[in-house]
Amino acid sequence: MPRSSTGPAVAVLTAAALGVVGFLGYQAAATAPDHPTQARPGSHSAESKKKDKDGAGSKQRSTALPAGSGTGVRVVYALGDKRVWLVGADGKATHTFQVGPSPASPDPGTYSVTSRNKGGVGSDGVQVEHVVVFHSEGGVVFGFSAAVDGSMPDPNARKRTGAVRESRADSAAMWDFAQVDTKVVVIP
């Protein structure tokens with residue numbers, strides 16, 4: 001019976017393919033978040049919708065611009081409320097929305113927009129758009145952005161990132177509003 005010369009080649013190709021699949025599996029496991037990604041604000045399960053309807057849901061927070069949040073044109077970011085206000089020269093909010101913070105938060109204080117980037121990859125490895133950076137500390141860059149896939153950062157992740165995620169519509173409003181040197185007031 002004639003011997004096939006393809007046996008060793010098939011064995012080598014199979015071993016290489018298994019090696020690539022193993023490496024890709026390792027890489028996926030190494031970069032996966034430690035905890036599941038948080039649900040986007042406003043996307044409730046049927047059970048949480050029922051709780052909200054019954055009044056047993058989470059405490060409703062005010063969307064009014066907080067007192068003592070500065071003066072003039074500014075972005076106000078309330079850490080505890082996970083909310084942002086875009087405030088015009090008249091001191092009135094033109095837009096407010098909820099955000100998804102990351103594991104690291106900037107200290108309360110007044111900052112300025114230092115740079116903007118139309119798009120790229122966030123420090124958490126997610127494709128983002130409308131990046132508005134306002135602070136950097138200890139290797140963590142703090143900025144507002146929207147994930148192109150609509151995801152929010154995992155606030156319990158072990159990797160310290162400074163992403164403050166917005167919906168894509170809210171990030172477009174932030175992008176139009178917050179030019180370089182625009183004041184950003186972070187409050188508790």
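Two strands are said to pair if DSSP finds at least two bridges between them. The views below show a predicted model.

**View 1. The open sheet has five strands.** The strand order is 3-2-1-10-5, and the pairing is mixed. Strand 3 (93-98) and strand 5 (109-112) are the edge strands; each has a single partner strand, so one side of each lacks a neighbour in the sheet. From one strand to the next, the twist averages 20°.

**View 2. Strand 2 meets strand 3 in the antiparallel sense.** Strand 2 covers residues 83-87, and five bridges join strand 2 to strand 3. Within this pairing, L86 is found opposite H95 of strand 3. Helix 3 (residues 168-177) packs on the sheet and touches strand 1 (74-78), strand 2 and strand 3. The direction of helix 3 makes about 140° with that of strand 3.

**View 3. Y111 and F134 form a tilted aromatic pair.** The structure holds three aromatic pairs. In the pair of Y111 and F134, the rings are 5.9 Å apart centre to centre, with 55° between the planes. Y111 belongs to strand 5 and F134 to strand 7 (residues 127-137), so the pair ties together parts that are 23 residues apart in sequence. Buried here means under 20% relative accessible area. Y111, at 14%, is therefore buried, and F134, at 2%, is buried as well.

**View 4. Ring pairs join four residues into a cluster.** The cluster consists of Y77, Y111, F134 and F144.

**View 5. R116 lies over the face of W175.** The distance from R116 to the ring centre is 3.7 Å.

Technical notes:
Residues are numbered from 1 along each chain as its sequence is written. This is a predicted model: local features need pLDDT of at least 70, side-chain atom pairs count only at pLDDT 80 or more; totals for chains, interfaces and linings use all residues. Side-chain values use heavy atoms; hydrogens and water are left out. Helices (H or I, at least four residues) and strands (E, at least two) are DSSP runs, numbered from the N terminus. Axes are lines fitted to C-alpha atoms, for helices over the stretch in contact, and angles run from 0 to 180 degrees between N-to-C directions. Contact means heavy atoms within 4.5 Å. Rings of Phe, Tyr and Trp (its six-membered ring) pair if their centres lie within 6.5 Å; planes under 30 degrees apart count as stacked, over 60 as edge-to-face and the rest as tilted. Buried means under 20% relative accessible area, exposed over 50%, partly exposed in between (1.4 Å probe, protein chains only). A charge sits over a ring if NZ of Lys or CZ of Arg is within 6 Å of the ring centre and within 35 degrees of the ring normal.
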